[in-house]
Structures are given as C-alpha cells and as structure tokens.
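Work through these exercises with the sequence and the 3D view side by side. Try each task before you read its solution.

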Amino acid sequence: SVIVLPNNKNIVPVARQVDALTDKQVEVVPTHGVPEALAALVDYDPDASCAENAASMQAAIDRVRTGEVTRAVRDATVDGTEVHEGDWIALSRDGLVAAAPSAADAACALLARVIDDDSEIVTVLVGADAPAADTQRIREHLALTFPHVEVEFHDGGQPLYPYLVGVE
C-alpha cells in the first residue's frame, strides 16, 4: 500500500488518479504544503493499516494551521489589501494575511494570525535564502509574544519561500 502526500493543492486531483494506475492500495492524504505533511507524518503508524493511517494523518492535518511567506510577483489588490510587486506576503489557508516590507514583518503577521491560546508547538521551516537577521527577529518575536508555545526552527532549504510555518 502507498500513502501519497501531494503537498500542493493543485496536485491533489492528479494524486487521486494514481489508485487506478496500480494494483497497490493507494490512499491520498490531501496535504497542501510541507508543514501539513510533517504533521501528518508524525501520526503515521507503521503497524496500522493504510486506511487507518490515512484517517489519522488526515486528522493531523485538520489540527495544524499553516502559512507561508513569499514575494509578490505582481501588483494586485487581494481582499482589499494593496500588494505591490516585490512586497513580502504572508499567506494562510484562508488567503492573504499581510503584505509587508520584509520577510520578518510578513512572518510575524502570519504567526499572529495562526497562533492562539491553545497552540502548543510552532514549527518554522527556514528557506534557502532567508536572511539570518530576519530569522533571529522571528525567534525573538515568538519568545516575547508567544511564550506559551514550544518553537522549532529547521533548515528547510526551500527556494522562493523563506518561511513555511506549521502551528499545532
């Protein structure tokens, strides 16, 4: 059996077609990004059935709140917010969270949106080109603003997205 984690909402429909192409049992857990996949993988049980794992992994991604920081590639107005080419933007599952002059500003706005009083752990995947000063600023922001959460920073090495965030 195989469990597919697409990690992109546009790939989910294609991933669901894999089952018809093989004799193996295929379950698709419709992850939209790496932070969701990491949360799902934590709930993977090698002794459980494929269907049981898919169900528990789906429950895990339902519990995680995620977001990403990237750069705007064009001018736009999104949900009433002016975004200019080159702005740093923070996106959550719900859409645009903020447009900001720095990746750190965008990440801090994102964290303010996805962390709540019930949050326990914040995972930040740091991209290949994330400025060290911005990462340090985010660390300090989390420590001062959200002292109740455990924070993990990992080198994700991803291009174009200096910060990917998962909150559980």
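**Exercise 1: one residue and its core**

Task: find the residues that V122 is in contact with, leaving aside its neighbours within four places in sequence.

Solution. Contact means heavy atoms within 4.5 Å. V122 then touches L111, I115, L142, V149, E150, V151, E152, V165, G166 and V167. Before going on, note that this is a predicted model: local features need pLDDT of at least 70, side-chain atom pairs count only at pLDDT 80 or more, and totals for chains, interfaces and linings use all residues. Residues are numbered from 1 along each chain as its sequence is written, and side-chain values use heavy atoms, with hydrogens and water left out.

Next, place V122 in its core. A nonpolar core is a set of buried Ala, Val, Leu, Ile, Met, Phe, Trp, Tyr and Cys residues joined through side-chain atoms within 4.5 Å. Buried means under 20% relative accessible area (1.4 Å probe, protein chains only). The largest such core has 27 residues. V122 is among those with the most contacts inside it, along with V69, I115, I138, L142 and Y163. Helix 4 gives the largest share, eight residues. A second, separate core has seven residues, including V29, A39, I61 and V64.

**Exercise 2: the sheet**

Task: give the order of the six strands in the open sheet.

Solution. Strands (E, at least two residues) and helices (H or I, at least four) are DSSP runs, numbered from the N terminus. Two strands pair if DSSP finds at least two bridges between them. The order is 7-6-3-10-8-9, with mixed pairing. Strand 7 (95–100) and strand 9 (150–155) are the edges, each pairing on one side only.

Now look at one pair. Strand 6 (residues 88–92) runs antiparallel to strand 7 over five bridges. Here I89 stands opposite A99.

Then add a helix. Helix 4 (residues 103–114) packs on the sheet and touches strand 3, strand 6, strand 7, strand 8 and strand 10. Its direction makes about 165° with that of strand 3. Axes are lines fitted to C-alpha atoms, for helices over the stretch in contact, and angles run from 0 to 180 degrees between N-to-C directions.

**Exercise 3: the whole chain**

Task: what share of the 168 residues of the protein chain count as buried?

Solution. The share is 40%. For the overall build, the protein chain has five helices and ten strands. Its C-alpha atoms fill a box of roughly 50 × 35 × 30 Å along the principal axes.

Notes. Buried < 20%, exposed > 50% of the residue type's maximum accessible area, 1.4 Å probe, protein only.
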